[in-house]
Structure formats: C-alpha cells, structure tokens
Amino acid sequence: MEVREPKRFVLLDFYRFIAALGVFIFHLKNIDKGISPVWNGSYGLFVDMFFILSGFVISYSYPATSTGLRTYVRFLVRRIARIYPLHLLTLLIFAVLALVGISGPTSHASWLDFLHNLLLVQAWGVTDHLSFNSPAWSISAELFCYVLFPLFMLLAGRVSPLMLAIIVALCYGILAHAHLPIWQERSQMYGATFDFGMLRALPSFLNGILLTVLFRLSSDYRRKPVAFAGIALFAGSVLILNLYAKPDLAIIVFSLAILVTATGESAFARFPGSDWLGRLGNTSYAIYMVHEVLLILLFKPAWHYFGLQPSMFPVFALVCCIILTVVADVTYHYVENPARKLINRLAPGDARSARIPKAEPLDLSETRQAANAS
C-alpha cells in the first residue's frame with residue numbers, strides 16, 4: 001500500500017476549534033454564580049491538548065535534515081510570526097482598557113507586567129500573578145518549548161520510541177504528581193499558569209513529539225475507519241472533561257485521539273468537509289486570544305443588560321460561540337495571516353521562505369509544505 005503523508009490534518013485543526021471554544025465556555029460560565037454545575041467541566045485542560053497538538057504538528061512538519069543556527073533562527077522567526085502579532089494586539093487592547101479603568105479577570109496591569117507580557121515570559125516564573133490578557137500565559141509557555149525544540153528533536157532522534165515514551169511518562173510523573181513548591185494551585189501542574197506554566201507545557205509538548213514518532217510507524221494502520229475511531233476518542237475526551245476531573249485520563253485520551261485521528265485521516269486523499277473544517281480550525285487561535293476581550297466588552301454587559309437568568313446560559317453560550325467564531329474568522333484573515341506573511345519575510349533563507357500557502361493552518365499546525373519551504 002502506498003503511504004500518503006498529509007500536508008495538513010484538518011480533523012486535528014477542527015479539534016483545536018472545539019477545544020478553543022471549550023476554554024471560552026470554561027471562562028464564560030463564571031459570568032453568573034447561579035449557572036448549573038453541569039457546565040463546571042474541566043475544560044481548562046484543553047490547554048494541555050493544545051500543547052500536545054503543538055508538539056505533534058510542529059515536529060511532524062519540521063524537516064528532518066534541518067540543522068544549524070540559521071535554520072533554528074528561521075524556525076523561531078516563523079513561530080513568532082505565528083503567535084506574536086495577535087498577542088501584541090490583544091496586549092495593547094488590554095493596556096488601553098487598563099488606562100481607562102476597565103479591568104479584566106485580573107486587575108494586575110503594571111508596567112512590569114506589561115514588559116513581561118511584551119517579552120512573552122509571563123509564564124516563566126518571573127511573576128506571582130496573571131496580568132492583561134490572562135490566556136496568553138499559555139503562549140508564553142509555548143515560546144519556552146519553541147526555544148528548546150531543537151533539543152527535543154535531538155532527543156527524539158537519539159533514543160528508541162520506547163525510551164522516549166518512558167521519558168515522557170517520567171516528565172508527567174515528576175511535574176504533575178510530585179509535590180513541587182513551584183505550583184500555586186491545589187491541582188498543581190494542571191492548574192499552573194503564571195507559576196512556571198512553561199513547565200506545565202513541557203511534558204505535553206514532548207508527548208506530541210512522541211506521537212509524531214509513533215505516527216511515522218503507523219503505515220500499516222492507515223485506514224479510513226481509523227479516523228472515525230479517532231473522532232470517537234476525541235468525543236470521549238470531551239465527555240471525560242465534562243464529567244470527571246481526571247487530568248491523567250484526559251491526557252491519555254487526548255494523545256490517543258490525536259494519534260488515531262492522524263493515522264486514519266492519512267488514508268483520505270481529502271477528508272469530507274475539509275474546507276469548512278480547515279476554516280473553523282483557522283479561527284481557533286483567535287478564539288483563544290480574543291475571547292477575554294469580548295467577555296469584558298460584549299458578553300458580560302449583554303448578560304446583565306438583558307437580565308438573563310442562569311437557565312438561559314446554554315442559548316446564551318451558543319450565541320456567544322457563534323459571534324466569537326465570526327470575529328475570530330475576520331481576525332484571522334485581516335490580522336493574523338497578513339502579519340504572519342510580513343514577518344516571515346524576515347526569516348533567513350531564500351525567497352521561497354516567504355511563501356505561505358493560502359490554507360496554512362493555525363496556531364500549532366504548520367503544514368509540511370510550509371516547513372519544507374523554510
């Protein structure tokens with residue numbers, strides 16, 4: 001059987017879309033204390049799935065022959081081009097809101113906080129609180145993983161898949177279960193944000209690289225029905241987050257869903273509905289980064305202005321998700337994509353490195369084509 005290597009995993013992009021909305025609902029439910037406990041799912045753990053997906057797709061896309069300082073700098077420029085423009089935009093919006101006296105989920109907005117956010121180090125243990133656009137802590141954690149990415153790839157290339165799996169398990173075991181004094185939340189690593197949140201990202205990012213190694217060995221299992229098994233696993237992970245606060249189980253199911261879905265999707269020349277799945281996937285990063293702005297300026301005021309009751313939350317959440325998705329789609333096409341193309345022209349390399357496919361994935365998913373062109 002001919003083994004096909006996909007340029008883009010649209011199902012994984014769609015998972016990111018669902019996960020981004022899950023994080024949004026995780027924050028939206030705090031709009032009223034009377035909202036039913038049925039909405040109190042651990043959707044904040046979707047952030048850990050983002051880290052796994054990031055490690056998987058970036059390592060999958062990264063050319064195996066890429067070595068040297070020049071290639072490393074090009075990689076960092078491309079990743080910064082992906083995450084920084086929208087981060088800077090939302091940071092400036094929150095700075096303006098702070099100047100006019102409008103505070104978000106956190107009231108911290110000092111000049112030092114602004115500097116930490118500007119440099120994207122706010123999750124590196126340099127502060128004891130969240131500030132400005134609080135979800136951006138995870139982007140800071142991502143940057144930490146990008147800086148270490150060549151070392152991760154070197155490790156993955158030097159050890160067996162079994163040894164890499166043991167290393168990943170040990171990282172989770174030590175960071176997620178050891179009683180380390182660096183964690184501020186009672187949920188320890190899975191609640192970490194400002195308190196060394198970059199270490200929360202580390203095992204999941206490395207887990208994603210392990211999944212890439214396993215995917216490379218999956219050629220005998222690339223069948224279309226496998227993709228639907230992956231979809232079922234992802235649906236199961238959503239159910240787990242809604243019913244049980246069991247982070248370890250969620251991480252295992254996330255990992256299986258990503259690996260099985262990617263393996264099955266590889267059997268399709270083009271997965272049904274790819275255009276819409278890809279377009280929704282393209283909104284995921286903006287959904288994640290701008291939802292706090294809309295919460296402050298639109299959704300919370302609307303909830304109180306119309307005097308909505310907790311029983312109306314499901315309908316309200318649906319309307320908010322639709323509005324947020326539309327805003328994110330516009331943001332992608334008129335802010336993210338143009339800014340990324342502009343910054344990518346600064347990446348060292350020949351003229352081809354500035355070319356980006358029109359359907360390039362979001363956030364944590366560069367296409368193989370784009371990576372090879374770099």
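**Close-up 1. Helix 2 is mostly covered in this predicted model.** Of the 16 residues in helix 2, 16 are buried. From its first C-alpha to its last, helix 2 reaches 22 Å, close to the 22 Å expected at 1.5 Å a residue.

**Close-up 2. Helix 2 packs with helix 5 at an angle of about 35 degrees.** Here residues 46–61 (helix 2) meet residues 137–158 (helix 5), and the two axes are 11 Å apart. The crossing of helix 2 past helix 5 is right-handed. From helix 2, the residues making the contact are Val47, Phe50, Phe51, Ser54, Ile58 and Ser59. Helix 5 answers with Trp137, Ser138, Ala141, Glu142, Tyr146, Phe149 and Met153. What is the chemical make-up of this contact? It divides into 9 nonpolar residues, 3 polar and 1 charged. If you are tracing the side chains, it helps to recall that an α-helix has 3.6 residues a turn, so residues three or four places apart point the same way.

**Close-up 3. Ring pairs join five aromatic residues into a cluster.** The members to look for are Phe75, Tyr146, Phe149, Phe152 and Phe205. Tyr146 and Phe149 may look familiar, as they also belong to the helix 5 side of the contact with helix 2. Across the whole structure, a search finds 27 aromatic pairs, and the next two views each show one pair.

**Close-up 4. Phe228 and Phe271 form a tilted aromatic pair.** Their ring centres are 6.1 Å apart, with 40 degrees between the planes. Phe228 belongs to helix 8 (residues 224–243), while Phe271 sits in the loop between helix 9 (247–265) and helix 10 (274–282), so this pair ties together parts that are 43 residues apart in sequence. Are these two rings buried or exposed? Phe228 is partly exposed, because its relative accessibility is 46%, whereas Phe271 is buried, with a relative accessible area of 8%.

**Close-up 5. Trp303 and Phe316 make an edge-to-face pair.** The planes of these two rings stand at 70 degrees, over the 60 degrees that marks this class, and that is why the pair counts as edge-to-face. The ring centres of Trp303 and Phe316 are 5.0 Å apart. This pair links distant parts of the chain, with Trp303 in helix 11 (residues 284–305) and Phe316 in helix 12 (residues 313–344), 13 residues apart. Trp303 has a relative accessibility of 1% and therefore counts as buried. Phe316 is buried as well, at 9% relative accessibility.

How values were computed:
Residues numbered from 1 in each chain as written. Predicted model: local features only at pLDDT ≥ 70, side-chain atom pairs only at ≥ 80, totals over all residues. Heavy atoms only, no water. Axes fitted to C-alpha atoms, helices over the stretch in contact; angles between N-to-C directions. Helix = DSSP H or I, 4+ residues; strand = E, 2+ residues; numbered from the N terminus. Left-handed = near helix turned anticlockwise from the far one by under 90°. Contact = heavy atoms within 4.5 Å. Nonpolar A, V, L, I, M, F, W, Y, C, P; charged D, E, K, R; others polar. Expected span 1.5 Å × (residues − 1). Buried < 20%, exposed > 50% of the residue type's maximum accessible area, 1.4 Å probe, protein only. Phe/Tyr/Trp six-rings, centres within 6.5 Å; stacked < 30°, edge-to-face > 60°.
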